[in-house]
Amino acid sequence: MPDGPLDVGTGFDTDGDGSPDTLVTADGIDLVVAIDHDGDRFADRVLRIGPDAAVREAGVVGWAAVDGSEDG
């Protein structure tokens, strides 16, 4: 994942308000879904879906997405 702000501006408009709010990408083997709840174009929530179909929430520290298994 990028170290800086996770911009969802190139993603999809999933709530129909005309602004992109969800970005879907891959990070190695995981599918990553980044969601902007407050409309500022930066992810407020990051979900990682592994090959076992388990969904894990990754923390958003500052504006960098950090996998929960890392120290941060």
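1. D30 is a good place to start: this residue is found in strand β2, where strands (E, at least two residues) and helices (H or I, at least four) are DSSP runs, numbered from the N terminus. This is a predicted model, in which local features need pLDDT of at least 70 and side-chain atom pairs count only at pLDDT 80 or more, while totals for chains, interfaces and linings use all residues. Residues are numbered from 1 along each chain as its sequence is written, and side-chain values use heavy atoms, with hydrogens and water left out.

2. Is D30 buried or exposed? D30 counts as buried because its relative accessibility is 8%; buried means under 20% relative accessible area, exposed over 50%, and partly exposed in between (1.4 Å probe, protein chains only).

3. Which side chains does the D30 side chain make polar contacts with? One is the side chain of R48, at 3.1 Å, and another is the side chain of R56, at 2.7 Å. A polar contact here is a pair of N or O atoms within 3.5 Å; within protein, one must be able to donate a hydrogen and the other to accept it, and residues adjacent in sequence count only if both atoms are side-chain atoms.

4. Now for the wider surroundings of D30. Setting aside neighbours within four places in sequence, D30 is in contact (heavy atoms within 4.5 Å) with T25, R48, I49, G50, P51 and R56.

5. Strand β2 as a whole covers residues 30-35, and 5 of its 6 residues are buried, so the strand is largely enclosed by the rest of the structure. L31 is found in β2 too, but is partly exposed, because its relative accessible area is 37%.

6. L31 also turns up on the surface: together with F12 and V24, L31 makes a nonpolar patch of about 280 Å². Patches are made of residues with over 30% relative accessible area and no salt bridge, with like charges joined within 9 Å and nonpolar side chains (Val, Leu, Ile, Met, Phe, Trp, Tyr) within 5 Å. A salt bridge is a side-chain nitrogen of Lys or Arg within 4 Å of a carboxyl oxygen of Asp or Glu.

7. V33 is another residue found in β2, and V33 is buried, with a relative accessible area of 15%. Beyond the neighbours within four places in sequence, V33 is in contact with T22, L23, V24, R45, V46, L47 and I49. V33 and R45 are 12 residues apart in sequence and 8.3 Å apart in space, C-alpha to C-alpha.

8. What pairs with β2? Strand β1 (residues 22-27) runs antiparallel to β2, with 6 bridges joining them; two strands pair if DSSP finds at least two bridges between them. The bridge partner of T22 in β2 is I35, and L23 stands opposite A34. The β1-β2 hairpin has 2 residues between the strands, and G28 takes a positive phi near 70° there.

9. Strand β3 (residues 45-49) is also antiparallel to β2, joined by 5 bridges. Here V32 stands opposite R48, and R48 is also a polar partner of the D30 side chain.

10. Finally, the whole chain. The protein chain has 0 helices and 5 strands, and 29% of its 72 residues count as buried. About 4400 Å² is exposed, with carbon and sulfur atoms supplying 53% of it; accessible areas come from the Shrake-Rupley method with a 1.4 Å probe, and for residues only the protein chains shown count as cover.
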